[in-house]
Amino acid sequence: NIAKSFGFGQATGVDLPGEATGRIADRHWKLAYWQQMKGYYCTMAKKGNAPNSFLRAFAPEFCSAGYLYNPGDAANFAIGQGDTLVTPLQLARAYAAISNGGTLYEPRIGRAIVSPSGKVIKQIPAVVAGHIPSSKSAIAYVNQALTTTLQPGGTLAWKFGGFPLNQVQVHGKTGTAEVVGKQTTGWVATYTKDYVVVMTISQGGTGSGSS
């Protein structure tokens with residue numbers, strides 16, 4: 001699907017060890033997770049020994065129908081909530097693909113090896129990982145829509161007051177990730193034609209308020 005074409009749910013290929021792949025919480029994942037965890041939650045539901053009110057309500061539901069992909073799952077997935085997991089690097093790469101017209105690259109930690117005198121010894125070439133299967137007009141529409149976040153009424157407008165947006169066009173999106181029992185985590189992604197910046201603060205509150 002489109003989310004997977006943006007590189008979510010898989011390693012980006014960055015030249016660093018131990019990269020997390022994130023998770024696309026689709027029908028296949030939900031069924032596999034239910035098969036793995038049904039014993040735990042069904043036992044909890046049967047014994048009635050859930051440690052909190054959320055699990056007391058959740059365990060019986062998960063036990064009986066946790067394998068079903070419901071409209072609420074699709075809605076959660078569409079806005080990046082629910083069981084979906086995304087790394088900051090994956091998000092930065094996705095926004096870079098929107099910015100450049102649809103090409104997904106493997107990230108690299110450097111562009112070149114340079115001598116102390118400034119001579120370029122070796123260029124590190126960019127590697128194309130794929131292309132977004134959307135029309136150029138659709139990508140251009142999203143690219144333009146992401147400028148409105150910084151304009152009056154947008155969720156980033158109050159942070160960009162006085163910034164010369166007429167000279168440097170900035171695109172952006174705020175986000176707030178939620179986990180039961182924890183404070184919300186703030187996300188902000190911004191980009192220009194040359195740079196992408198993704199900020200996240202674990203349990204820091206709303207995106208524009210913290211990041």
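**Exercise 1. The disulfide**

Find how many disulfides the whole structure holds, and describe what they join.

Solution.
Step 1. A search of the whole structure turns up one disulfide. The model is a predicted one.
Step 2. The bond runs from C42 to C63, with an S to S distance of 2.0 Å. A disulfide is a covalent bond between the sulfur atoms of two cysteines.
Step 3. Place the two ends. C42 sits in helix α2 and C63 in helix α3 (residues 53–65), so the pair ties together parts 21 residues apart in sequence.
Step 4. Check the handedness. The torsion about the S-S bond of C42 and C63 is about 105°, so this disulfide is right-handed.
Step 5. Check the exposure. C42 has 23% relative accessibility and counts as partly exposed. C63 is also at 23% and counts as partly exposed.

**Exercise 2. The chain as a whole**

State how many helices and strands the chain has, and in what order they come.

Solution.
Step 1. Count the elements: there are seven helices and seven strands.
Step 2. Read along the sequence. The pattern is α-α-α-α-α-β-β-β-β-α-β-β-β-α.
Step 3. Take the dimensions. Along the principal axes, the C-alpha atoms fill a box of roughly 70 × 40 × 35 Å.
Step 4. Look at burial. The chain has 211 residues, and 30% of them count as buried.
Step 5. Look at the surface. Its accessible area is about 13,100 Å², and 57% of that belongs to carbon and sulfur atoms.
Step 6. Look at contacts. Among those between residues at least 6 apart in sequence, 49% join residues at least 24 apart.

**Exercise 3. The nonpolar cores**

Work out which residues of the largest nonpolar core touch the most other members, and which elements supply the core.

Solution.
Step 1. The largest nonpolar core has 16 residues. F6, F8, L91, Y95 and I98 touch the most other members.
Step 2. Both α5 (88–100) and β6 (185–191) supply at least two residues of this core.
Step 3. The most comes from α5, which gives five residues.
Step 4. Now a second, separate core: it has eight residues, among them W34, M44, L55 and A59.
Step 5. Zoom in on F8. Beyond its neighbours within four places in sequence, F8 contacts A3, I24, V86, Q90, L91 and A94.
Step 6. Recall the general trend. In soluble globular proteins, nonpolar side chains tend to be buried together.

**Exercise 4. Salt bridges**

Find how many salt bridges the structure holds, then examine three of the pairs: D26 with K4, K30 with D73, and D194 with K193.

Solution.
Step 1. The structure holds four salt bridges. Side chains of opposite charge can pair when their charged atoms come close.
Step 2. Start with D26 and K4. Their side chains meet at 3.1 Å, N to O. D26 lies in the loop between α1 (2–5) and α2 (27–47), and K4 in helix α1, so the pair ties together parts 22 residues apart in sequence.
Step 3. Apply the cut-off: buried means under 20% relative accessible area. D26 has 14%, so D26 is buried. K4 has 37%, and K4 is partly exposed.
Step 4. Go on to K30 and D73. Their closest N and O atoms are 2.5 Å apart. K30 is in helix α2 and D73 in helix α4 (residues 71–78), so this pair links distant parts of the chain, 43 residues apart. K30, at 14% relative accessibility, counts as buried.
Step 5. Finish with D194 and K193. The closest N and O atoms of this pair are 3.1 Å apart. D194 is exposed at 54% relative accessibility. K193 is exposed too, at 73%.

**Exercise 5. Two places on helix α2**

Describe the surroundings of L31 and K38, which both lie in helix α2.

Solution.
Step 1. L31 forms a nonpolar surface patch with Y67 and L68. Together the three have about 250 Å² of accessible area.
Step 2. L31 has 37% relative accessibility and counts as partly exposed.
Step 3. K38 is partly exposed, with a relative accessible area of 33%.
Step 4. Leaving aside neighbours within four places in sequence, K38 contacts T43 and F62.
Step 5. Compare K38 with S134. They are 96 residues apart along the chain, and their C-alpha atoms are separated by 38 Å.

How values were computed
Residues numbered from 1 in each chain as written. Predicted model: local features only at pLDDT ≥ 70, side-chain atom pairs only at ≥ 80, totals over all residues. Heavy atoms only, no water. Core = buried A, V, L, I, M, F, W, Y, C linked by side-chain atoms within 4.5 Å. Buried < 20%, exposed > 50% of the residue type's maximum accessible area, 1.4 Å probe, protein only. Helix = DSSP H or I, 4+ residues; strand = E, 2+ residues; numbered from the N terminus. Contact = heavy atoms within 4.5 Å. Patch = residues over 30% accessible without salt bridge, like charges linked within 9 Å, V, L, I, M, F, W, Y side chains within 5 Å. Areas by Shrake-Rupley, 256 points an atom, 1.4 Å probe, with all protein chains shown as cover. Disulfide = S-S within 2.5 Å.
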